[in-house]
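Thanks for making time, everyone. Please bring the structure up on your screens, and we will walk through it together.

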Amino acid sequence: MKLLIVEDELSLQKALCKGFAKLGYAVDAAADGEEALERYYSSFYDVIVLDLNLPKLDGIEVLKEIRKEDPETRIIILSARSEVEDKVLGLDLGANDYLAKPFHFRELEARVRALLRRDFSVISAKITVSGITVDTALKKVFCRGKEIPLTRKEYGILEYLFINRGRVVSNETLLEHVWDSNADLFSNALRVHIASIRKKLPGDIIKNVRGQGYYVE
Ligand code: CA
């Protein structure tokens, strides 16, 4: 899952990026409203975490611009403005959620997960396919109760395939959702990671459709 963190307070921006990256998310960051829109127009994000008080272009303006043509991208507003009017304005303009500063990282992360679940119609935080359970809250994978150690990237790939189970996910889509925009990708990086996941998991859980992509049943 790929996130865009829009926050001008650099220490907070860094902490959020680090926290989400540690959990296996691909993360891009922007420090002002203009940079946020540049990022938005040049990439794809599953969730945008958007601060309201931003230099160059205010968060509300960024939100309006994105919502002009895109009702889909999930946006969580982050703001020190805790007044009810700001919250109402943000939600009326199409933000999916609102979190007042200061907040706990765990709460923000839980809200991001809740939004992603809503979008992919996954009810539970745990998704089980053929005895393999991906726990999207713990960011861990279990096989019959025993944890399977995966790298962050491997986890990201497997989680995306599990959330989209039953559907073929193209290589391009996987690369877009699991790697951040600054990633230096060598051409068969995805194949190498998939091979490694397959080695760690019992059975043949990740299937390949030649020339199209990967899927789990
Ligand atoms: Ca700010």
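I will go through a set of local features, one at a time. Keep in mind that this is a predicted model.

Let's start with aspartate 97. Find strand S5, residues 97–100; aspartate 97 is in that strand. Is aspartate 97 buried or exposed? Its relative accessible area is 16%. Buried means under 20%, so aspartate 97 counts as buried. Now look at its side chain. It makes a polar contact with the side chain of arginine 111, at 2.9 Å. What else does aspartate 97 touch? Leaving aside residues up to four places away in sequence, the list is Ile75, Ile76, Ile77, Leu91 and Arg111. So Arg111 appears among the contacts, and arginine 111 is also the polar partner.

Stay with S5 for a moment. Between S5 and helix H5, residues 105–119, there is a loop, and proline 102 sits in that loop. Look at the peptide bond from lysine 101 to proline 102. That bond is cis, with omega near -5°. Why point it out? Because most peptide bonds are trans.

Next, the aromatic rings. How many aromatic pairs does a search of the whole structure find? Three. Take phenylalanine 20 and tyrosine 25. Their ring centres are 5.2 Å apart and their planes are at 90°, so this pair is edge-to-face. Both partners are inside. Phenylalanine 20 has a relative accessible area of 0%, so it is buried. Tyrosine 25 is at 5%, and it is buried too.

Now move to tyrosine 40 and tyrosine 41. They also form an edge-to-face pair, with 5.0 Å centre to centre and 65° between the planes. Here the two partners part ways. Tyrosine 40, at 15% relative accessibility, counts as buried. Tyrosine 41, at 53%, is exposed. The cut-off for exposed is over 50%, so tyrosine 41 passes it.

One more point on rings. Which residues do ring pairs link into a cluster? Phe20, Tyr25 and Phe105.

Tyr25 comes back in the next topic, which is cavities. The structure holds two cavities of 30 Å³ or more. I will show you the second largest. Its volume is about 30 Å³. Its lining is made of Met1, Leu23, Gly24, Tyr25, Lys139, Tyr155, Gly156 and Glu159. By type, that lining divides into four nonpolar, two polar and two charged residues.

Lys139 is in that lining, and its backbone deserves a look. Lysine 139 is in the loop between strand S7, residues 132–135, and strand S8, residues 140–143. Its phi is near 60°, which is a positive value in a residue other than glycine. Most residues other than glycine have a negative phi. Is lysine 139 buried or exposed? At 12% relative accessibility, it counts as buried.

There is another lysine to set beside it. Lysine 56 also has a positive phi, about 70°, and it is not a glycine. Find it in the loop between strand S3, residues 47–51, and helix H3, residues 59–69. Lysine 56 is exposed, with a relative accessible area of 63%. So we have two lysines with positive phi, where lysine 56 is exposed and lysine 139 is buried.

That is the tour. I am happy to go back to any residue on the screen.

Key: Residues numbered from 1 in each chain as written. Predicted model: local features only at pLDDT ≥ 70, side-chain atom pairs only at ≥ 80, totals over all residues. Heavy atoms only, no water. Helix = DSSP H or I, 4+ residues; strand = E, 2+ residues; numbered from the N terminus. Buried < 20%, exposed > 50% of the residue type's maximum accessible area, 1.4 Å probe, protein only. Polar contact = N/O pair within 3.5 Å; in protein donor to acceptor, adjacent residues only side chain to side chain. Contact = heavy atoms within 4.5 Å. Phe/Tyr/Trp six-rings, centres within 6.5 Å; stacked < 30°, edge-to-face > 60°. 1 Å grid on protein atoms, 1.4 Å probe; cavity = no way out; pocket = protein on both sides within 12 Å on 5 of 7 lines; lining within 4 Å. Points joined across faces, edges and corners; volume = space filled by probe spheres on them. Nonpolar A, V, L, I, M, F, W, Y, C, P; charged D, E, K, R; others polar.
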